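Please open the structure in your viewer and keep the selection tool at hand. The tour below proposes one selection after another and states what is to be found at each.

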Amino acid sequence: MVRYDLKGVRRVTDSQGSKIRIAVLASGRGTNLQAIIDATESGYIPGRVIVVISDKRDAYALERARKHGIEALFLDPSSCSSRDEYDKLLGDEIERRGADLICLAGFMRILSPSFISRFRNRIMNIHPALLPSFGGVGMYGERVHKAVLDYGVKITGCTVHFVTEDVDGGPIIIQEAVPVLDDDTPETLAKRVLEHEHRIYPEAIKLFAEGRLEIVGRRVRIRGDKG
Ligand code: GRF
């Protein structure tokens with residue numbers, strides 16, 4: 001069984017004390033990004049968002065970053081001839097800024113295996129369902145909530161997990177359940193699940209930043225968890 005103690009990846013000598021440096025990748029409106037920024041600014045997460053990177057020039061997430069004085073970087077996929085080339089560029093930009101953790105927050109690209117191994121156990125994602133259900137390639141946005149309703153499950157939720165080469169299949173850090181109501185539509189369900197996303201994503205990042213996560217095989221242990 002492989003055991004990773006994530007304490008080792010935490011930078012202890014940042015100019016801001018012992019705060020971790022977070023890079024957020026986002027393609028859209030960025031409400032999860034906002035929750036992360038708010039949690040760093042309030043001190044809930046001992047860390048700061050040092051850069052927001054998007055593959056979409058007009059992503060509102062970039063605007064949110066600017067409003068908080070955070071560097072907003074658009075990396076144009078059309079400037080690269082392949083996914084590997086783009087991911088190499090992306091990785092170089094992140095590394096240059098000394099990020100300890102990369103948070104995917106509605107980033108609409110599947111990352112290449114070389115990018116994932118370059119930042120092994122330092123990439124997190126949030127998914128709007130209880131994985132391993134309703135995940136994988138093609139399961140994003142409203143499609144997830146539509147699939148949940150079509151299947152007829154009574155409980156859905158959201159999952160924060162580490163990113164591996166297996167899309168939506170990495171070790172799970174936190175999950176939260178959300179009941180499906182009889183009159184739910186994909187829109188109402190998405191809205192309700194999103195409120196929980198905004199709570200558990202900052203919580204998972206906080207645990208990482210505090211060096212309290214340990215990956216043992218597929219399981220993520222939370223140190224100091226009394227629950
Ligand atoms: C969220 O539903 C998240 O679970 C998924 O993409 C969506 C991003 O929404 N990965 P936002 O841009 O954070 O508002």
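## A guided tour

Begin by selecting L189, a residue of helix α6. The model on display is a predicted one. Is L189 buried or exposed? Its relative accessible area is 0%, and a residue counts as buried under 20%, so L189 is buried. Now show the surroundings of this side chain. Apart from neighbours within four places in sequence, L189 has contacts with H145, V148, L149, T156, P179, V180 and D184. Select L149 as well: 40 residues separate L149 from L189 along the chain, yet their C-alpha atoms lie 8.9 Å apart.

**Helices α5 and α6**

Extend the selection to the helices, taking residues 142–151 for α5 and residues 186–209 for α6. At what angle do the axes of α5 and α6 cross? The crossing is at roughly 110°, and the axes come within 9 Å. Angles of 65 to 115 degrees count as roughly perpendicular, and α5 and α6 are therefore roughly perpendicular to each other. The crossing of α5 past α6 is right-handed. On the α5 side, the contact is formed by E142, H145, K146, V148 and L149; on the α6 side, by P186, E187, L189, A190 and V193.

**Helices α1 and α6**

Keep α6 displayed and add α1, residues 31–41. The axes of α1 and α6 are 9 Å apart, and the helices pack at an angle of about 45°. They are therefore oblique to each other, and their crossing is right-handed. To view the contact, select T31, N32, A35, I36 and A39 of α1 together with L194, E197, H198, Y201, P202 and I205 of α6. As a general guide to such patterns, an α-helix has 3.6 residues a turn, so residues three or four places apart point the same way.

Next, colour the buried residues of α1. How many of the 11 residues of α1 are buried? The number is 9, so α1 is largely enclosed by the rest of the structure. The buried residues are T31, N32, L33, Q34, A35, I36, I37, A39 and T40. Their cover includes α6, α2 (60–67) and the strands β2, β3, β5 and β6 (123–127). Just after α1, select G43, where phi is positive, at about 90°.

**Strand β2 and its partners**

Move to β2, residues 20–25. Here 6 of the 6 residues are buried, so the strand is largely enclosed by the rest of the structure. Display the side chains: I20, I22 and V24 point one way, while R21, A23 and L25 point the other way.

Add β3, residues 47–54, which pairs with β2 in the parallel sense over 6 bridges. One of these pairings links I20 to G47 in β3. Following the chain from β2 to β3 leads through helix α1, and this β-α-β crossover is right-handed.

Then select β5, residues 101–104, which runs parallel to β2 and is joined to it by 4 bridges. Which residue of β5 is the bridge partner of V24? The partner is C103.

**The hairpin of β9 and β10**

For the final stop, select residues 213–216 for β9 and residues 219–222 for β10. These strands run antiparallel and are joined by 4 bridges. L213 has I222 in β10 as its bridge partner. The hairpin has 2 residues between its strands, and G217 takes a positive phi near 65°.

Notes. Residues numbered from 1 in each chain as written. Predicted model: local features only at pLDDT ≥ 70, side-chain atom pairs only at ≥ 80, totals over all residues. Heavy atoms only, no water. Buried < 20%, exposed > 50% of the residue type's maximum accessible area, 1.4 Å probe, protein only. Pairing = 2+ DSSP bridges. Right-handed = clockwise from strand over helix to strand, strands pointing away. Axes fitted to C-alpha atoms, helices over the stretch in contact; angles between N-to-C directions. Parallel < 35°, antiparallel > 145°, perpendicular 65-115°, else oblique. Left-handed = near helix turned anticlockwise from the far one by under 90°. Contact = heavy atoms within 4.5 Å.
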